[in-house]
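Visitor: I should like a close look at a single part of this model. Please choose one element and follow its surroundings outward in a connected account.

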Amino acid sequence: MNKKERKNVTVMSDLSIICDRTKLRQGRCYGAPDLVVEVLSPSTAHNDRLLKRHYYEKAGVREYWLVDYQHQVMEKYVWQSGTFQLEDVYDATNGAAASTTFPEVRFSVKEIFAFLTS
């Protein structure tokens, strides 16, 4: 482990799904969530794409979503063989986005970004 890499890192996600209740203590998750969603903004995009992604990948998060409201796209990364692989990119033309880890989690991409056209 290099000097800059810390052993215990606390990262706050915008949204997460945690199925193992034993990981939840005192309002925190100890261990990897099953699915993490980060909403990019100009001030956080670099950290979400690089730094947080690295920590989530190392922790073994099974699925990682990046929501880019400026470009109205969502990127879905799935953890495979110790690394995140880009599995899909969704925009308003795709219709519905679905989780690989939780197939019952589906939603309309167009509706997610509807607030931008209101």
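Guide: The account below takes strand 5 as its centre and moves outward from there. The model is predicted, and every value given here is computed from that prediction.

Strand 5 covers residues 63–68. Of its 6 residues, 6 are buried, so strand 5 is largely enclosed by the rest of the structure. The cover extends to both faces. On one side lie Glu 63, Trp 65 and Val 67, and on the other lie Tyr 64, Leu 66 and Asp 68, all of them buried.

The partner of strand 5 to consider here is strand 4, residues 35–40. The two strands pair in the parallel sense, with 6 bridges between them. Within this pairing, Val 36 has Tyr 64 of strand 5 as its bridge partner.

The side chains of this pair lead into the nonpolar interior. In soluble globular proteins, nonpolar side chains tend to be buried together. The largest nonpolar core in this model comprises 10 residues, namely Leu 35, Val 37, Trp 65, Val 67, Met 74, Tyr 90, Ala 97, Phe 102, Val 109 and Phe 113. At least two residues of this core come from strand 4, and at least two from strand 5. Val 37 illustrates the link between the two strands: with residues up to four places away in sequence set aside, Val 37 touches Trp 65 and Val 67, and also Ser 13, Asp 14 and Leu 15. A second core, separate from the largest, has 9 residues, among them Ala 32, Tyr 56, Tyr 64 and Phe 84. Trp 65 and Val 67 thus appear in the largest core, while Tyr 64 appears in the second. In strand 5, Trp 65 and Val 67 lie on one side and Tyr 64 on the other.

The second largest pocket can be described through several of these residues. Its space amounts to about 180 Å³. The lining consists of Leu 15, Ile 17, Leu 35, Val 37, Val 39, Trp 65, Val 67, Met 74, Ser 99, Val 105, Phe 107 and Ile 112. Strand 1 (15–17), strand 4 and strand 5 each contribute at least two residues to the lining of this pocket. Strand 4 gives the most, with 3 residues. Leu 35, Val 37, Trp 65, Val 67 and Met 74 are members of the largest nonpolar core, and these residues also line the second largest pocket.

Contacts to Tyr 64 and Leu 66 lead next to helix 1, residues 45–59, where Asp 48 is placed. Asp 48 counts as buried because its relative accessible area is 2%, against a limit of under 20%. When neighbours within four places in sequence are left aside, Asp 48 is in contact with Tyr 64 and Leu 66, as well as with Glu 38, Val 39, Leu 40 and Arg 53. Between Asp 48 and Val 36, the C-alpha to C-alpha distance is 11 Å, and the two are 12 residues apart in sequence.

Following the chain from strand 5 brings in the loop that leads to strand 6 (73–80), and Gln 72 belongs to this loop. Gln 72 has a phi near 55 degrees, which is a positive value in a residue other than glycine. Gln 72 is partly exposed, at a relative accessible area of 31%.

Beyond that loop, strand 6 joins strand 7 through 7 bridges, and the two run antiparallel. Gln 80 has Thr 83 of strand 7 as its bridge partner. The hairpin formed by these strands has 2 residues between them, and Ser 81 there takes a positive phi near 50 degrees. Ser 81 lies in the loop between strand 6 and strand 7 (83–90). Ser 81 is exposed, with a relative accessible area of 80%.

A final point concerns the cysteines. The structure holds 0 disulfides. Cys 19 is in no disulfide, and the nearest cysteine sulfur to it, that of Cys 29, is 10 Å away. Cys 29 is likewise in no disulfide. Cys 19 is partly exposed at 47% relative accessibility, and Cys 29 is partly exposed with a relative accessible area of 28%.

Note on methods. Residues numbered from 1 in each chain as written. Predicted model: local features only at pLDDT ≥ 70, side-chain atom pairs only at ≥ 80, totals over all residues. Heavy atoms only, no water. Core = buried A, V, L, I, M, F, W, Y, C linked by side-chain atoms within 4.5 Å. Buried < 20%, exposed > 50% of the residue type's maximum accessible area, 1.4 Å probe, protein only. Helix = DSSP H or I, 4+ residues; strand = E, 2+ residues; numbered from the N terminus. Contact = heavy atoms within 4.5 Å. Pairing = 2+ DSSP bridges. Disulfide = S-S within 2.5 Å. 1 Å grid on protein atoms, 1.4 Å probe; cavity = no way out; pocket = protein on both sides within 12 Å on 5 of 7 lines; lining within 4 Å. Points joined across faces, edges and corners; volume = space filled by probe spheres on them.
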